[in-house]
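Here is a short briefing on the fold below. It covers strand pairing, helix packing and one loop residue.

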Amino acid sequence: MEIYLVRHTETVCEKGICYGQSDVDIAAPFETVFENVVSQLPSEALIFTSPLKRCVTLAKYIQTKINAISYQEDERLMEMNFGDWELKNWNEIPPEQLNPWMEDFVNVKAQNGESFTGLHKRVGDFIVTLTSKKINSPIVITAHAGVIRSILCHQTSLPLKDAFQNKVDFGEVIKIEF
């Protein structure tokens with residue numbers, strides 16, 4: 001199964017803002033980056049996307065540029081839920097909350113949010129559902145850095161604690177096989 005993992009482009013958030021599941025928009029202009037993304041994709045594919053608008057905007061653009069066999073939004077592809085930290089500057093999060101998470105983001109939940117293990121379980125559920133289907137067409141998934149890192153950990157059996165070894169830039173396309 002040929003899968004193209006596509007990270008959304010840069011958001012309107014200032015650097016240093018924690019915006020996990022907050023539904024922030026992408027920064028304009030983005031057409032040139034979108035065209036670059038499309039140039040790396042197959043001409044026909046199934047499209048799956050996070051329902052957050054920074055991914056939906058890109059996925060709908062891709063849908064208009066390739067022969068999209070189908071298009072589906074899936075909540076399991078949302079970024080990590082950072083709970084009370086959403087839309088705060090990382091420097092404003094109290095150290096007594098942030099430090100335990102920084103030391104073990106795999107297992108420690110953001111306050112009123114989720115851990116990377118939680119994200120990994122729901123992404124794993126998506127992958128199991130996807131790979132259980134007999135799909136012969138290429139698949140495009142527009143998502144977030146955390147989701148893409150999780151998928152790469154599923155694919156390569158990389159321990160979650162090492163997920164950040166996988167650098168995932170804004171607008172990057174990563175082709176994998178399952």
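**Briefing: sheet, helices and a loop residue**

Strands β3 and β6 run parallel and are joined by 4 bridges. The model is predicted. Both strands belong to an open sheet of 5 strands with mixed pairing. The points below start from that sheet, then turn to the helices and to L87.

**Sheet layout**

- The strand order is β4-β3-β6-β1-β7.
- β4 (67-73) and β7 are the edge strands, each with a single partner strand, so one side of each has no neighbour in the sheet.
- On average, neighbouring strands are turned by 20° against each other, direction ignored.
- Helix α2 packs on this sheet and touches β1, β3 (44-49), β4 and β6.
- The direction of α2 makes about 160° with that of β4.

**Strand β6**

- β6 spans residues 139-143.
- How many residues of β6 are buried? The count is 5 of its 5 residues, and the strand is mostly covered.
- I139, I141 and A143 point one way from β6. V140 and T142 point the other way. All of these residues are buried.
- On the β3 side of the pairing, F48 has I141 as its bridge partner in β6.

**Strand β1**

- β1 covers residues 2-7 and is mostly covered, with 5 of its 6 residues buried.
- β1 pairs with β6 in the parallel sense over 5 bridges.
- Three bridge partners in β6 can be named. I3 is matched with I139. Y4 is matched with V140. R7 is matched with A143.
- β1 also pairs with β7 (residues 173-177). This pair is antiparallel and has 5 bridges.
- Y4 stands opposite K175 in β7. Y4 therefore has a partner in each of two strands, V140 in β6 and K175 in β7.
- As background, strands of a sheet pair through backbone hydrogen bonds, either parallel or antiparallel.

**Helix pair α1 and α2**

- Helix α1 takes in residues 31-39, and helix α2 takes in residues 53-65.
- Their axes come within 10 Å and cross at roughly 60°.
- Why is α1 called oblique to α2? The crossing angle of roughly 60° makes it so, because angles from 65 to 115 degrees count as roughly perpendicular and those under 35 as roughly parallel.
- α1 passes α2 in a right-handed crossing.
- From α1, the contact residues are E31, F34, E35, V37 and V38. From α2, they are T57, L58, Y61, I62 and K65.
- By class, this contact has 6 nonpolar, 1 polar and 3 charged residues.

**Loop residue L87**

- Where is L87? It lies in the loop between β4 and β5 (88-89).
- Is L87 buried, partly exposed or exposed? L87 is partly exposed, because its relative accessible area is 49%. The exposed class begins over 50%.
- L87 touches C13, I17, C18, Y19, S22 and V24, leaving aside residues up to four places away in sequence.
- L87 and G118 are 31 residues apart in sequence. Their C-alpha atoms are 20 Å apart in space.

Key
Residues are numbered from 1 along each chain as its sequence is written. This is a predicted model: local features need pLDDT of at least 70, side-chain atom pairs count only at pLDDT 80 or more; totals for chains, interfaces and linings use all residues. Side-chain values use heavy atoms; hydrogens and water are left out. Buried means under 20% relative accessible area, exposed over 50%, partly exposed in between (1.4 Å probe, protein chains only). Two strands pair if DSSP finds at least two bridges between them. Axes are lines fitted to C-alpha atoms, for helices over the stretch in contact, and angles run from 0 to 180 degrees between N-to-C directions. A crossing is left-handed if the near helix is turned anticlockwise from the far one by less than a right angle, and right-handed if clockwise. Contact means heavy atoms within 4.5 Å. Ala, Val, Leu, Ile, Met, Phe, Trp, Tyr, Cys and Pro count as nonpolar, Asp, Glu, Lys and Arg as charged, and the others, Gly among them, as polar.
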